[in-house]
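Please open the model in your viewer, with a cartoon for the backbone and the side chains ready to be switched on, and follow the selections below in order.

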Amino acid sequence: MEKINVDAINKTSISAARDYCFAVKPLWLIATNSENTYTLNCRNHNHAFYELHIITSGRLIYYFGTEELTLCESQFTVIPPHHRHKVQSHSDNIEKFTLAFEIDTNSPVL
């Protein structure tokens, strides 16, 4: 797996966001694969920011209260702020990344 250049992503994300009239503030980026599944949060929790979860290989099941969402390779979801969620299970070949970000509340797209 290639190392992700977080600084390059942050600079691109911020400049691209300005082009579309809203401000995005990247907070952190986590890469997960079968060797570091400890990055998967299997407890019910929520955040005060958005999370973008992209599955690049394998399968992962999230629980949102009583609702279940299964994501497979090339699928993604955005979890909004204050939305309780947890990882229920994942395949042995899981590969994903998660980007946490905020959107300016004065943005015209909200």
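Begin with a surface over the whole chain: its accessible area comes to about 7,200 Å², and 51% of that belongs to carbon and sulfur atoms. What you are looking at is a predicted model, in which buried residues make up 32% of the 110 residues in the chain.

Now hide the surface and colour the cartoon by secondary structure, which comes to one helix and seven strands. Followed from the N terminus, the elements run α-β-β-β-β-β-β-β. If you display contacts between residues at least 6 apart in sequence, you will find that 70% of them join residues at least 24 apart.

**The sheet of four strands**

Select strands E1, E7, E2 and E5, which form an open sheet in that order with antiparallel pairing. Strand E1 (24-33) and strand E5 (76-79) stand at the edges, and because each has a single partner strand, one side of each is left without a neighbour in the sheet. Neighbouring strands here are turned by 15° against each other on average, direction ignored.

Within this sheet, zoom in on strand E2 (residues 50-57) and strand E7 (residues 95-103), an antiparallel pair held over seven bridges. One position to label is Ser 57, which stands opposite Glu 95 in E7.

Next select Leu 29, which lies in strand E1, and draw a distance from its C-alpha atom to that of Leu 99: the two are 70 residues apart along the chain, yet these atoms are separated by 4.5 Å. Is Leu 29 buried or exposed? Its relative accessible area is 19%, and since the limit for buried is under 20%, Leu 29 counts as buried.

At the other edge, select Thr 77 in strand E5. Thr 77 is buried as well, with a relative accessible area of 13%. Which residues does Thr 77 touch, once its neighbours within four places in sequence are left aside? Its contacts are Glu 51, Leu 52, His 53, Tyr 62, Leu 69 and Leu 71.

**The sheet of three strands**

Move on to strands E4, E3 and E6, an open sheet in that order, again with antiparallel pairing. E4 and E6 are the edge strands, each of them pairing on one side only. In this sheet, neighbouring strands are turned by 25° against each other on average, direction ignored.

Select strand E3 (residues 59-64) together with strand E4 (residues 67-72), which run antiparallel and are joined by six bridges. Ile 61 can serve as a marker for this pairing, with Thr 70 in E4 as its bridge partner. Then centre the view on the hairpin of E3 and E4, where two residues lie between the strands and Gly 65 takes a positive phi near 70°.

Turn next to the pairing of E3 with strand E6 (residues 86-90), which is antiparallel and runs over four bridges. Here the position to label is Tyr 62, which stands opposite Val 87 in E6.

**The nonpolar cores**

Show the side chains of Leu 40, Ile 55, Leu 60, Tyr 62, Phe 64, Leu 71, Ile 79, Val 87 and Ile 94, the nine residues that make up the largest nonpolar core. Which strand gives the most to this core? That strand is E3, with three residues.

Keep Phe 64 selected and list its contacts, leaving aside neighbours within four places in sequence: they are Leu 69, Ile 79, His 83, Arg 84 and His 85. A second core, separate from the one just shown, has six residues, among them Val 24, Leu 29, Leu 52 and Phe 101.

**The cysteines**

As a last stop, select Cys 42 and Cys 72. Cys 42 is partly exposed, with a relative accessible area of 46%, and Cys 72 is likewise partly exposed, with a value of 32%. How many disulfides does the model contain, if the sulfur atoms of a pair must lie within 2.5 Å? By this rule the count comes to zero.

Conventions
Residues numbered from 1 in each chain as written. Predicted model: local features only at pLDDT ≥ 70, side-chain atom pairs only at ≥ 80, totals over all residues. Heavy atoms only, no water. Buried < 20%, exposed > 50% of the residue type's maximum accessible area, 1.4 Å probe, protein only. Contact = heavy atoms within 4.5 Å. Areas by Shrake-Rupley, 256 points an atom, 1.4 Å probe, with all protein chains shown as cover. Pairing = 2+ DSSP bridges. Axes fitted to C-alpha atoms, helices over the stretch in contact; angles between N-to-C directions. Disulfide = S-S within 2.5 Å. Core = buried A, V, L, I, M, F, W, Y, C linked by side-chain atoms within 4.5 Å.
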